[in-house]
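Student: I would like a close look at a single part of this model, namely its salt bridges. Please take me through the residues that form them and the strands around them, in one connected account.

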Amino acid sequence: SCALPVSAGCSSPPMLIVVDGSPRQNFGTVNDVVRPSELKSLVIKKADAMYGMRGAGGIMEITLKKGGE
């Protein structure tokens, strides 16, 4: 099981989670977003201008497996 925190602490902005290109917020762990068996890749980035202020706390980009992958 993988349980990665989405926030670095109470004073940090929340990390933006992007699943297959779709931004999502307000999740506690990756397990709240996706089951580990569905995970194809996970990339953690620092702030990215593409997401503006929503990505100020960092971005976690998740790519899911499709079909029988």
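Tutor: The structure holds 2 salt bridges, and since the model is a predicted one, what follows describes computed geometry.

In one of these pairs, the side chains of lysine 66 and aspartate 20 meet with an N to O distance of 2.8 Å. This pair links distant parts of the chain, for lysine 66 belongs to the segment after β4, whereas aspartate 20 sits in the loop between β1 and β2, 46 residues away. Lysine 66 has a relative accessibility of 47% and therefore counts as partly exposed, the range between 20% and 50%. Aspartate 20, with a relative accessible area of 36%, is partly exposed as well. The backbone of aspartate 20 also deserves attention, because its phi is near 50°, a positive value in a residue that is not glycine. The loop that holds aspartate 20 runs between β1, residues 16-19, and β2, residues 22-24.

The other pair brings together the side chains of glutamate 61 and lysine 45, with 3.2 Å from N to O. Glutamate 61 lies in strand β4 and lysine 45 in strand β3, so this salt bridge ties together parts that are 16 residues apart in sequence. Glutamate 61 is partly exposed at a relative accessible area of 22%, and lysine 45 is likewise partly exposed, at 33% relative accessibility.

The strands named here belong to one framework. The protein chain has 0 helices and 4 strands, and these 4 strands form an open sheet with mixed pairing in the order β2-β1-β4-β3. β2 and β3, the latter spanning residues 39-45, stand at the edges with a single partner strand each, so one side of each has no neighbour in the sheet. On average, neighbouring strands of this sheet are turned by 20° against each other when direction is ignored. Strands of a sheet pair through backbone hydrogen bonds, in either a parallel or an antiparallel manner. Here β1 and β4, the latter covering residues 59-64, run parallel and are joined by 4 bridges, and the bridge partner of leucine 16 in β4 is isoleucine 59.

For the chain as a whole, buried residues account for 23% of the 69 residues. Among contacts between residues at least 6 apart in sequence, 56% join residues at least 24 apart. The protein chain exposes about 4,400 Å², of which carbon and sulfur atoms supply 55%.

Notes: Residues are numbered from 1 along each chain as its sequence is written. This is a predicted model: local features need pLDDT of at least 70, side-chain atom pairs count only at pLDDT 80 or more; totals for chains, interfaces and linings use all residues. Side-chain values use heavy atoms; hydrogens and water are left out. Helices (H or I, at least four residues) and strands (E, at least two) are DSSP runs, numbered from the N terminus. Buried means under 20% relative accessible area, exposed over 50%, partly exposed in between (1.4 Å probe, protein chains only). Contact means heavy atoms within 4.5 Å. Accessible areas come from the Shrake-Rupley method with a 1.4 Å probe; for residues, only the protein chains shown count as cover. Two strands pair if DSSP finds at least two bridges between them. Axes are lines fitted to C-alpha atoms, for helices over the stretch in contact, and angles run from 0 to 180 degrees between N-to-C directions. A salt bridge is a side-chain nitrogen of Lys or Arg within 4 Å of a carboxyl oxygen of Asp or Glu.
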